[in-house]
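Reader: I would like to go through the helix packing and the charged pairs here step by step. Could we begin with the structure itself on view?

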Amino acid sequence: MLQTVEALKKRDKKGQSMKTSAFQHLLLLVGIHLFKSPAECVNLLNDLQNCIKRAFGEKPKKKKAATTEDEEEPAWVEVIVEVLLSLLAQSSGLIRRVCKNVFGLVCQHMTKAALQLILDVLDPQQDQDEETAVVVMEETEKKRKKLSQKNTEQEEESGESSDEDSSEKSDESDKEALETNSESEDEPDENFRAMLRNVLQAENALEGDDSDEDVDDETMMSLDEKLSSLFTEQKKRIQAKKDEKEKLRKEKILRRDFKIKVLDLVELFLMKQAGNPLVFSVIDPLLSVIEHSMSSDSNKQEQDYLRKTADIFTNSLCRSKQYCKNVSSVREELHSLLESLVKRSCKQNDSSVALYYFSGSLYLFRVLRGNTPADEMASEDAQIKKKNPEEAEGSPGQHIDLGSVDLERVTAVYKEALNLFLTKRKSPLTGAMFFDLFERHPMMCKQLIEVVVKSITDGARQHQQTQACLLLQKALQNKCFKLSLSGKEWEDLIRESTHQITETLKKVGEFKVKVDREKVIKCLELLSCLIKIVTQQAFSIDLTELRGVLQTLGQQEHFEKSIQLDNMYWNVMKLLGFKRPVKVKVCVQPANGTVVESLKRKKKGFLPATKKRQNRKKAQPGQSKEDGPESSRRIPAVGEANGPSEGKKQKRKKRKKKRGGAEEGERETFEQGPPAKKNARSPGTTKGVAGSHGHVKKKKQQGKGKKKGTD
């Protein structure tokens, strides 16, 4: 093995680096795994040695054994794929990473037979075959257990009798066996019942109640032994079934894990060989896995398997930027595959599964059409119309590059699907599928627009009519579709569409269901788009009938209840020259003519009047206690003397005013600055100042004397 690795290194210097590095990875990986299971790895090494010789053009030595039929040996790529699949069956992260690297180096040499080996692993039919084989194995094991059960019964009958303790233990085991039997199996085991009946009949235990008196102790002990052996065997049988179910469950988990690993190889092939024609053979197996997983158990591992498969199909295949450009050799096969995918999507029960089939058909349509984006086609059409407007109007659509598409064949398939969607009540197809078709392949708008316009009035239900309005609006906003039509065809389409919407709005009555309102909203949206086209391009289309229908429609009461519907209606009416009436707010007045005053809100954080603290002052002798604080706050009448409380309040106010005046004086002096210097005093001034101070002191002394006299 090491010699082969050294030889591959020498070849790597000369060339063919991807091949040599792939074989080096495989040989080293098998060499590491040789320590774990040498018997398996020896065969793998022999296969790899022959594979290396064939890959580099050397002829391996043929055995001299005579063969009647010369069987063709598989290609070296197929051998490598088989080796990789056998290694992926083992749970090892290192093996998984190395296998992905090796397959990435070898995938450019893939053949159809080698790819089929990978796709056979993903086949859901193979799982069903394995489950049936498991059922057959269970039946054969049951027969073997029955034979062993009979042998054990015969051996226990010839044995000696046991003690009373053993009988008690046997009773407990019998109860446990019955409990496990009832839990594990809902249906009764008829074989076990028959065997129990035979044991009881052999000892005459099924006779009347008087038979217990005639039974000896020895017969009772032998009966007890037989019953205990029978129930222990039944318990073993039930445990064996549980073990078998657990084994099958683990095998199923390992099988699903193996398939998830194989999906990594498929994803790697789609990413690195997107332009290979073998990619088309991957579509059907992936779709069958998605369809089968959708209808199977919702196990977490099953959901991961489904999610990974759907992600590979959507992102790595359908949304891939690279695809096969040369499809002339497989043109007929791709058309037949596209037709089958569209028809199978119409027959599905689940719309999510139908979406994958429909997106697969769009991918094939893109491959057949070739590498012509919609923006490039629109720019080419615009240039042709600028250069030769007469030729462009006379022969529209002749400059569209269809590639390898058989337009009549493809149109027939998609038209049948669109008719099924718009005329059948329960259809797995959705409007989003045809939105995607119109956006990715605008050439189909012209082929299918007639069916869409008729379905505005002839749709199966309101939902189908709404979808027809949305599809028509989507087509009208497409530049490529507009450029593919001549001026006369465009005007006729606008006229017919306006007529169909007018007929639909005539039939509008009371909105019983939410779908009715949605239908009218979508019709008005489409109508606003059509009116803008008519006014901008000055088409000679009569809109008088439409105005009358809209005026009668706006008089219905249920229009005002929906704000969206009302706004959409008046947007259309503005385009037709009508003005929306202004609603005047009227103030509600009572019968006597006085305006109702709004109630003041209560201030938060303030106590109500009932919770306030009452006045604790003593009531006057002429005042009752029941008057409360309100009576103490009574305003005195004219000529009435204020009480002592009022006098105290006035004195307090005067003191506050004096203090406030003194503080204001201090502020003024502070603002004016420091006091001026004292001038020389004249004798007259000193007397005046001293006299004023003495006058103030005399007044204070007189006031004190009066107070003492009163006291």
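Reader: In which hand, left or right, does α23 pass α24 in their crossing?

Author: This is a predicted model, and the packing of the two helices is described from its atoms. The axes of α23 and helix α24, which spans residues 514-537, come within 10 Å and cross at roughly 145°. The crossing in which α23 passes α24 is left-handed.

Reader: Of the nonpolar, polar and charged residues in the contact of α23 with α24, how many belong to each class?

Author: On the α23 side the residues in contact include Trp490, Ile494 and Ile501, while those they meet in α24 include Leu526, Leu530 and Val534. The contact also takes in Ser497 and Thr498 from α23, as well as Lys519 from α24. Sorted by class, the residues of this contact number 10 nonpolar, 4 polar and 1 charged.

Reader: Which residue forms a salt bridge with Glu491, and how far apart are the closest N and O atoms?

Author: Glu491 counts as buried, because its relative accessibility is 19% and the cut-off for burial is under 20%. The partner lies with Glu491 in helix α23 (residues 487-506), 4 residues apart, which is about one turn of the helix. With a relative accessible area of 32%, this partner is partly exposed. The salt bridge joins Glu491 to Arg495, with the closest N and O atoms 3.2 Å apart.

Reader: Why does the salt bridge of Asp264 and Arg96 tie together parts that are distant in sequence, and how many residues apart are they?

Author: The side chains of Asp264 and Arg96 meet in a salt bridge with an N to O distance of 2.7 Å. Asp264 belongs to helix α11 (residues 217-272) and Arg96 to helix α5 (residues 93-106), so the pair ties together parts whose separation in sequence is 168 residues.

Reader: Is Asp264 buried or exposed?

Author: Its partner in the salt bridge is Arg96, and Arg96, at 28% relative accessibility, counts as partly exposed. For Asp264 the relative accessibility is 7%, and the cut-off for burial is under 20%, so Asp264 counts as buried.

Reader: Which helices hold Lys474 and Glu439?

Author: Lys474 forms a salt bridge with Glu439, and their closest N and O atoms are 4.0 Å apart. The pair links distant parts of the chain, 35 residues apart, with Lys474 in helix α21 (residues 462-476) and Glu439 in helix α19 (residues 431-440).

Note on methods. Residues numbered from 1 in each chain as written. Predicted model: local features only at pLDDT ≥ 70, side-chain atom pairs only at ≥ 80, totals over all residues. Heavy atoms only, no water. Helix = DSSP H or I, 4+ residues; strand = E, 2+ residues; numbered from the N terminus. Buried < 20%, exposed > 50% of the residue type's maximum accessible area, 1.4 Å probe, protein only. Axes fitted to C-alpha atoms, helices over the stretch in contact; angles between N-to-C directions. Left-handed = near helix turned anticlockwise from the far one by under 90°. Contact = heavy atoms within 4.5 Å. Nonpolar A, V, L, I, M, F, W, Y, C, P; charged D, E, K, R; others polar.
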